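Hi,

Here is the structure I said I would pass on. Have a look at it first, and then read my notes underneath.

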Amino acid sequence: MTVSTERTAVTTSGDTPAGSAEILRRTLRRHAAGVTVITVPGPAGFTATSFTSVSLEPALVSFCLGLTASTLTAVRSTDRFAVHVLGAGHTTLARQFARSGIDRFAGIPWTESQDGLPVLDGVPAWLTARVTLRQRVGDHVLVVGEVESGGGHGAGDALVHHDGAFATPVRLPPHTGE
């Protein structure tokens, strides 16, 4: 059996952050990430691929938002947020919430919860969470929240971002063993 060990090493010293940032960008282009839209009262919202689970007990999730983001003030001033997991048919929605200088909610069906939290209609899955931590980390703000509720229709292929473009995952055949 032959195992390929082909790899290209790129290193940088600790005193060249631009080099480190380029390594991170190049590496993350190879990492497929689920596409979500985060919303907060206002309404305000943005497209994010930084959403992730943190803990099951308690049920915690997180996302990161850049310090220069137009929605940062709204995110910093709220105690709740909603996460909407997008499906393959939601590329237009993802692009709309990624644009600056527009009404991101224009033409988008959504429902306002009792406390003003916008919940997008028709997405495969969504959840709401109460903020438990907001922490500046580098050039971003990390937001952690405890899950309160959720829903969605649960159907269809996921929307992912990979190598600078939207895509959908392809199921691989089950492993049959050797």
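How many of the seven residues of β5 are buried? Six of them are, so to speak, under cover: β5 is mostly covered. Before I go further, keep in mind that this is a predicted model.

Since we are on β5, here is who sits beside it. On one side β5 pairs with β4 in the antiparallel sense, over three bridges. The two form a hairpin, with four residues between them. If you want to find the pairing on screen, Thr52 has Ser62 of β5 as its bridge partner, and Ser53 has Val61. β5 is also joined to β10 by seven bridges, and that pair runs antiparallel too. Ser62 turns up again here, standing opposite Val144 in β10.

Now the whole sheet. It is an open one of seven strands, in the order β3-β2-β6-β9-β10-β5-β4, with antiparallel pairing. β3 (44–48) and β4 (52–55) stand at the edges; each has a single partner strand, so one side of each is left without a neighbour in the sheet. On average, neighbouring strands are turned by 35° against each other, direction ignored.

Further along the sheet, β6 (residues 80–85) and β9 (residues 125–137) pair in the antiparallel sense over six bridges. One place to look is His84, whose bridge partner in β9 is Trp126. Helix α3 (residues 91–98) packs on the sheet, where it touches β2 (36–40) and β3. The direction of α3 makes about 115° with that of β3.

Next, the nonpolar cores. The largest has 18 residues, and Ile38, Phe46, Phe63, Val75, Phe81 and Val143 touch the most other members. The elements that give two or more residues to this core are β2, β3, β5 (60–66), α2, β6, β9 and β10 (140–151). Take Val143 as an example: leaving out residues up to four places away in sequence, Val143 touches Val61, Ser62, Phe63, Val75, Phe81, Val131, Leu133 and Arg134. Apart from the largest core lies another one, of eleven residues, among them Phe97, Phe105, Val123 and Leu159.

One residue I would click on is Thr39, in strand β2. Is Thr39 buried or exposed? Thr39 has a relative accessible area of 0%, so it counts as buried. A polar atom of the Thr39 side chain lies 2.6 Å from the backbone oxygen of Pro118. Not counting neighbours within four places in sequence, the contacts of Thr39 include Phe81, Ala82 and His84, as well as Phe97 and Phe105. Ala44, Gly45, Leu117 and Pro118 are on the list of Thr39 contacts too.

Last, a quick look at Ala74, which is found in helix α2 (residues 72–76). Ala74 and Pro41 are 33 residues apart in sequence, yet their C-alpha atoms are 7.5 Å apart in space. Leaving aside neighbours within four places in sequence, Ala74 is in contact with Val40 and Ala44.

Cheers

Note on methods:
Residues numbered from 1 in each chain as written. Predicted model: local features only at pLDDT ≥ 70, side-chain atom pairs only at ≥ 80, totals over all residues. Heavy atoms only, no water. Contact = heavy atoms within 4.5 Å. Pairing = 2+ DSSP bridges. Axes fitted to C-alpha atoms, helices over the stretch in contact; angles between N-to-C directions. Buried < 20%, exposed > 50% of the residue type's maximum accessible area, 1.4 Å probe, protein only. Polar contact = N/O pair within 3.5 Å; in protein donor to acceptor, adjacent residues only side chain to side chain. Core = buried A, V, L, I, M, F, W, Y, C linked by side-chain atoms within 4.5 Å.
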